[in-house]
Amino acid sequence: MREGLKKVVRYAASFFLIVTLNFALPRLMPGDPVKNLIGEDVYVSEGVMEELRAGMGLDRPLYEQFTAYIGDLLRLDLGYSYHLHSPVADILRDRIGWTLLFVGVSVLLGTALGTLLGAYAGWKPETKANRLACCGFITLSCTPPYFLALLCLEIFAFKLGLFPFKGFYDVPTPGSIAHHMFLPVTVMALFSASRNFLIMRGSVIQEKGQLYALYARAKGLYDTSILFRHVIKNASLPIITLLALDFGFLFSGALFTEIVFSLNGMGTLIYDAIIGKDYPVLQGSFLVIALAVLLANMLADLLYEVADPRVRRPA
Amino acid sequence: MMQEEAYVRESTIQESTIQGNTIRKNIIQENARQWKGFLAHNINLDIRRYERNLKRFNRGGLFLFTFFLILALLPVLFAPYSPTERFMPYEAPSTAHLLGTNDIGNDILSELVYGARISMMVGFASACISTLIGLMIGLFSGYFRGTLDELLMGFTDVVLIIPKIPLIIILGAFLRPSIWTLILVLGLLSWESIARVVRSKTLQIREAGYVKSARCMGFSSVHIMASDIFPNLFHVLLPKFMLATASAMISEASLSFLGLGDISMKSWGIMLSFAFSRGGFIRDMWWWYLPPGICITLCVMSIALIGFGFEGKEKENGKRGVDAE
């Protein structure tokens, strides 16, 4: 119970920190805060500027500004993008679905692939194929994700012409979407698999030396059933933790992959916002991504309890 | 047998000074092992001892890393031209320009060689910052325990959840992109895992006999932490430091790709980003975008391999109980 309370406090603190960061950054950073709040390189007339200055209440005390900001957040008002001429919340709503689909599919695939291969590689680490796989995945995990994406784009889309090189679809049918998503999902899945692979391999190597594995062998179980029925359960616990902590990392990897493949998701939105110095969009994106990561972490905590009875019933 | 023979021969050398030089040469060429024995015997330089230490690292990683380090420290030796010198733009590889030239006519090989220093500097500097912060937080919370531990570890967990790269993107967009802000931001945001590892190791060490006796003798906490605990943390810190360097280099490359790098300091990430945004891909100039990408990958890999190798060795030592006491 006490652990649970601690976790709740921790998540609340994270949430608070994220919101505060988002609130404080444009006001702390050098330069005119109004410019920081609406974005640079925007053409706004002097009159509008003055109006905004008054409307944003930058002359009021900080705590009043903060409560006003929280109020806006609760009403899902993330500000207005003067570059794209629409509320940030609407822009994000259009984009985030695709990105979540993209990240979700590739993380699931990557985790499945990485866990299975990693478990096998950890079970028999000395065979040639597994050594090769290990080298390959180490290389993959050391490659910046966007470089991998660029290489795939170059080889499979430009040189071989097997896949289209931009967008989510030509016509919105599942076939076309799958065709367009194949390369980016492959890249992201490989990237996420490489991290899971290394963790899983180490964890299986550690677990297979335990006594219960020996006992299972003594009972006369086959190798595969020792691995898949006994060892894998315990060995996959670190993967769940990693999955949550890595979610933010993978999310950012997905942003870069989207930019390379010109997918119209959060990544390209952020890229354009950086180039145009569109701060409201950047902030909104950060908030949304941070909240998504927070949710993923909570989910992983719950999953962990389901997967590991020892956590549920502390001795 | 072989070694005995060698020593016998060596002693004969010392006796017969007439043929000494020629035979000595023969011995040196004969066998590497003999050569090492010879060095140890005559000029008191035992390479074998250093070799034993060297084996604790991953050999391949160490070799690659040394190569990149030399590249970073002495770029003048390897770069054929100055990285800012201009030639014909968009040239294909030739004997004059081994990797061709880019859009403003800089020699790509020279740029690549000079970029090593910048990329590695960002990696190491920010890893230094994050290791220092992680060490401090981990050490304090592990040594003092209690409320301080709860607070510091709670803070660590809270920071751990915040996604780093999106935050760095926002900070980078607000601040003027410069290499120092990049180093500072990367360093200040990646200390959590180091703090955790240091804490758990400190919790383990503080129960050891020598720490207890130091406390009994009345040494101050700061002194105990600095001279009794810190030296024992070193082998946990080193692999973490290496991995932090590797991930900082990847982050730097990624941020440069978004145009948040320091354009006046051309790192590999910025080269790659320019190749992407200034037509290296559309013109199909593999000599422009491949080398920096491969360099980043190899350099990060060498650093990570050293870290992994060291970590693996430590685990083995831990199993055998070498560093338990």
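Start with salt bridges: between domain 1 of chain A and domain 2 of chain A the count is zero. Keep in mind as you look around that this is a predicted model. If you turn to polar contacts instead, the rule finds three residue pairs across the interface of these two domains, with both residues of each pair at pLDDT 80 or more.

Now select the secondary structure on the domain 1 side. Which helices of chain A each supply at least two residues to the side that touches domain 2 of chain A? Pick α1 (2-28) and α2 (33-38). Colour α1(A) on its own next, since this helix gives the most to that side of domain 1 of chain A, with eight residues. Colouring by class gives another view: the side of domain 1 of chain A that touches domain 2 of chain A has nine nonpolar, four polar and four charged residues.

Zoom out and give each domain its own colour. The domain assignment sets domain 1 of chain A at 2-78 and domain 2 of chain A at 94-307. Put a marker at each C-alpha centre, and the two markers will lie 33 Å apart.

Then select the residues in contact: 17 from domain 1 of chain A and 17 from domain 2 of chain A. Switch on a surface here, as the two domains bury about 1500 Å² between them, with 63% of that on carbon and sulfur atoms. For a last stop, show A:Y11, A:I18 and A:N22 as sticks. In domain 1 of chain A, these residues lose the most area to domain 2 of chain A, and together they make up 39% of what that side buries.

Definitions and conventions. Residues are numbered from 1 along each chain as its sequence is written. Chains are lettered from A and ligands numbered from 1 in the order in which they are written. This is a predicted model: local features need pLDDT of at least 70, side-chain atom pairs count only at pLDDT 80 or more; totals for chains, interfaces and linings use all residues. Side-chain values use heavy atoms; hydrogens and water are left out. Domain bounds come from an automatic or database domain assignment. Contact means heavy atoms within 4.5 Å. Buried area is the accessible area (1.4 Å probe) that two parts lose on being put together, summed over both. A salt bridge is a side-chain nitrogen of Lys or Arg within 4 Å of a carboxyl oxygen of Asp or Glu. A polar contact is a pair of N or O atoms within 3.5 Å; within protein, one must be able to donate a hydrogen and the other to accept it, and residues adjacent in sequence count only if both atoms are side-chain atoms. Helices (H or I, at least four residues) and strands (E, at least two) are DSSP runs, numbered from the N terminus. Ala, Val, Leu, Ile, Met, Phe, Trp, Tyr, Cys and Pro count as nonpolar, Asp, Glu, Lys and Arg as charged, and the others, Gly among them, as polar.
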